[in-house]
Protein chains: 2
Amino acid sequence: MNEKIGIGLLGLGTVGTGVAQIISSPEGRHPLVSKIQLKRVAVKDLSKARAISIPPQLITQDPLEVVEDPSVELVVEVMGGIEPAKSLILKAIKSGKSVVTANKAVIARHGEEIASAANEAGVYVLIEAAVGGGIPIIEPLKQSLGGNKIKKVTGIINGTTNYILTRMSKENADYSVVLKEAQELGYAEADPMADVEGLDAADKISILSGLAFGGTINRSSVPTKGISTLQNRDVEYANKLGYEVKLLAIAERTEKAKDSDPSLSLAVRVEPTLLPREHPLSGVNGVNNAIVIEGDPIGEVMFYGPGAGAGPTASAVVADILNIAGIKIMGTSDTDLDPLLSAFSWRKCHVAETRETLQKNYIRLIAKDSPGVIGQIGKIFGKNTVSIESIVQFDASDSGAEIVVITHEVNKGCISDALSEIKNLNEVKKLASHISCL
Amino acid sequence: MNEKIGIGLLGLGTVGTGVAQIISSPEGRHPLVSKIQLKRVAVKDLSKARAISIPPQLITQDPLEVVEDPSVELVVEVMGGIEPAKSLILKAIKSGKSVVTANKAVIARHGEEIASAANEAGVYVLIEAAVGGGIPIIEPLKQSLGGNKIKKVTGIINGTTNYILTRMSKENADYSVVLKEAQELGYAEADPMADVEGLDAADKISILSGLAFGGTINRSSVPTKGISTLQNRDVEYANKLGYEVKLLAIAERTEKAKDSDPSLSLAVRVEPTLLPREHPLSGVNGVNNAIVIEGDPIGEVMFYGPGAGAGPTASAVVADILNIAGIKIMGTSDTDLDPLLSAFSWRKCHVAETRETLQKNYIRLIAKDSPGVIGQIGKIFGKNTVSIESIVQFDASDSGAEIVVITHEVNKGCISDALSEIKNLNEVKKLASHISCL
């Protein structure tokens, strides 16, 4: 096959530019890169100065022209946002064109609709860049780990929050101070909501969960807690007790399936979490991402690298382009889809009730500095079958004593019952913090 | 396609058994697992008790029967050793059957011959299990990172030596003591040569280098140094200076290509190396493996996990089986090979002269405890354009003072010239150690 494979690019921001740069400089890369060619590019603003020179006749402001161009065999969507991205993806699929997208928001919310349209049309929708930036994680989950029963996916999958948490930990700095600096440095958006409230991580863990367990979950049922209310003091105490605090996104099988629901029961959540220093994710700092996959028989593997940025994300987009180009070069136009690459669910999954799941806990209480208080707290935990790993009283001040409790892994319902009782103790002024632990 | 894809297994040791166990229990794994079926199995000893029950009519002592069985479409070689493994692989290829192998020794030595036979026959030879046990590393290098210009591959790719080094570091224990315990625990072979002398790691870095840089290197030209002469004292001093000692396997582009050789110049080596604690590989402990890939534009990604063991290795073998099964299911029998999965070189590479390469160094000298000695040493390094990061004198004993020098990155030739001069100094009794640093 000597003809090149025509690519249409929707969006020429930092990622789109990165993709165009790779395609236009194939030397030293996999020779398949030289078999792909940019045929049409949609931009928002024709007059904007670009870091790459694209022949002007390829550029249009109308994304439909890209999707409908007959020389475009493969549509690359890197414009972001839900609409018009979603409609353009579906339009491309219906025209029989495979799609590569970095759009986690669209895939997390409309993945099922898109996958079913793609399977009907006999095309691929590949999404390596949607999670973990440049880190190969989607393809390993779809292909390399297929022989495993996956038990758990644990990820640091938002670079902005990991940057903030790393600085809070290393410099003993306040959240609001670090956030402001992160915004100045370009590591956080002017409106940081989607990152700091965990919404971006929830999009991504929904996608990873669907691939790891073979069935989509409802994005809106993922319990999500961000880092905006995390107190510097808790990061400090966690460090003293041998832990790091990270915003973790987790999806794992739960033991108990509800009788009424025969589908696979998954505990899925995004929340700040204490990690013991021995955990491979505890050393993941700055804007890096990492994802740990636990499966049978593989055990535990980790994928680590830059979770965002033009270069890494472009690398992931090109990986997907090459995968589709490789299949096109095989000359398989009249064949079935490769079941490892095609997007399909092979079982039903649901997000488990929170009260059912087991969790280790970090709890900080403000109490009166009186001798009996630790005994009383311990007694209530015991009564609620909450087993305790450690209770430490940190320096008492005018406002009272600070008591930090780390529990063993216990039922979330039990811990919640115990805390309700403890809050009512006369000696306890306040439940200051309650954070999950691994 | 309803018919199952027939697998022939050469070897039923721990890995072969692990593969058979996955195939015989598809529930909860990728649905493609249920499309593959064990058709024939070659074992060394028919009478041996097995952890898995295989229908006796499938078992044979003659591996040729497996390769030649018409119901076997895909041959899985997990017997190990050079022969008869190599001949059986070539025989399978010539019969038009794709091969999955975990045999790093065969691929490192005869990869080019095998790849060219496979391409001629239009079949795949996949080798995910040959490096890094269960860690997906071969497929990411072949597929997910194809858009990158790879600059450097750095790996901890031998679990036995990493286990020994981890214990030497944590317990301040002697090499010979730890080796003996590792042998008792089954982490080291009775004959540990291939592991502790770095030969296994050299096989693996040769394979990784070929994939990362697109051209095979001569396995026998990889400078290889093991850990058997590593002194506990150097591990201790390295730790004190903020480093860990790991057996690293490295392949990287060098700046300067020799005029006489237009092929890509690579610095490749296996040797004990000091890693600063901030380096992501420094926390890789025990029998775990990890590989860091540096590329443009991705930056640095790391793949981490269990580097050996029946389960992880079987997971990697099954990943390859599924890849080939996925392509077979597409119905591509009359098409070309997928250029991302097929084994081919796309440029020439050679291993650079050692003197040309740059290296940071750890040097331990035994010197007379006299005031001028550090000055004299510093002067000789300076004269040879060796720039020094630190010189530390550790506790002097009866036998003299111990001086540890860490250099900046310098030409290997210069450091070697400087050390020759230093060894001739009256005040220097001995060059006790010279170890590379990252």
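Which residue of β11(B) stands opposite A:M302? The points below lead from this question to the rest of the predicted model.

1. **The strand pair between the chains.** The residue opposite A:M302 is B:Y304, which belongs to β11(B). The two strands concerned are β11(A) and β11(B), the latter covering residues 299-306 of chain B, and they pair in the antiparallel sense over 3 bridges.

2. **The contact between chain A and chain B.** Each side is substantial in number: 54 residues of chain A and 54 residues of chain B take part. On the side of chain A, two or more residues are given by each of α1 (14-24), α5 (138-144), β11 (299-306) and α11 (310-330). Helix α11(A) provides the largest share of this side, with 12 residues. Sorted by class, the side of chain A that touches chain B consists of 28 nonpolar, 19 polar and 7 charged residues.

3. **Overall form of chain A.** Chain A contains 13 helices and 17 strands. Its C-alpha trace spans about 80 × 50 × 35 Å along the principal axes. The radius of gyration of chain A is 24 Å; because a compact globule of 438 residues would have a value near 22 Å, the two figures agree.

4. **Burial and contacts in chain A.** Of the 438 residues in chain A, 52% are buried. Among contacts in chain A with a separation of 6 or more, 75% join residues that are 24 or more positions apart.

5. **Domains of chain A.** The domain assignment divides chain A into domain 1 (5-137 + 310-343), domain 2 (143-306) and domain 3 (357-437). Domain 1 is thus given as two segments, 5-137 and 310-343.

6. **Domain 2 against domain 3.** In chain A, the centres of domain 2 and domain 3, taken over C-alpha atoms, are separated by 25 Å. The contact between them involves 12 residues of domain 2 of chain A and 11 residues of domain 3 of chain A. On the domain 2 side, α10 (232-240) and β9 (264-276) of chain A each supply at least two residues. Strand β9(A) accounts for the largest share of that side, 5 residues. By class, the side of domain 2 of chain A that touches domain 3 of chain A has 7 nonpolar, 3 polar and 2 charged residues.

7. **Strand β5 of chain B and its neighbours.** Strand β5(B), residues 98-101, pairs with β4(B), residues 74-77, in the parallel sense over 4 bridges. Strand β5(B) also pairs with β6(B), residues 125-126, again in the parallel sense, over 2 bridges. Residue B:V100 takes part in both pairings: B:V100 is the bridge partner of B:V76, and B:V100 stands opposite B:L126 in β6(B).

8. **The helices that connect these strands.** A right-handed β-α-β unit is made by β4(B), helix α3 (residues 85-94) of chain B and β5(B). Another right-handed β-α-β unit is made by β5(B), helix α4 (residues 104-121) of chain B and β6(B). Strand β5(B) therefore belongs to both units.9. **The two faces of β5(B).** Which way do the residues of β5(B) point, and are they buried or exposed? B:S98 and B:V100 point one way, whereas B:V99 and B:T101 point the other way, and all of these are buried. In a regular strand, side chains alternate between the two faces of the sheet.

How values were computed:
Residues numbered from 1 in each chain as written. Chains lettered and ligands numbered in written order. Predicted model: local features only at pLDDT ≥ 70, side-chain atom pairs only at ≥ 80, totals over all residues. Domains from an automatic or database assignment. Contact = placed C-beta atoms within 7 Å. Nonpolar A, V, L, I, M, F, W, Y, C, P; charged D, E, K, R; others polar. Pairing = 2+ DSSP bridges. Rg over C-alpha atoms; globule rule 2.2 N^0.38 Å. Buried ≥ 20, exposed ≤ 12 C-beta atoms within 10 Å, placed from the backbone. Right-handed = clockwise from strand over helix to strand, strands pointing away.
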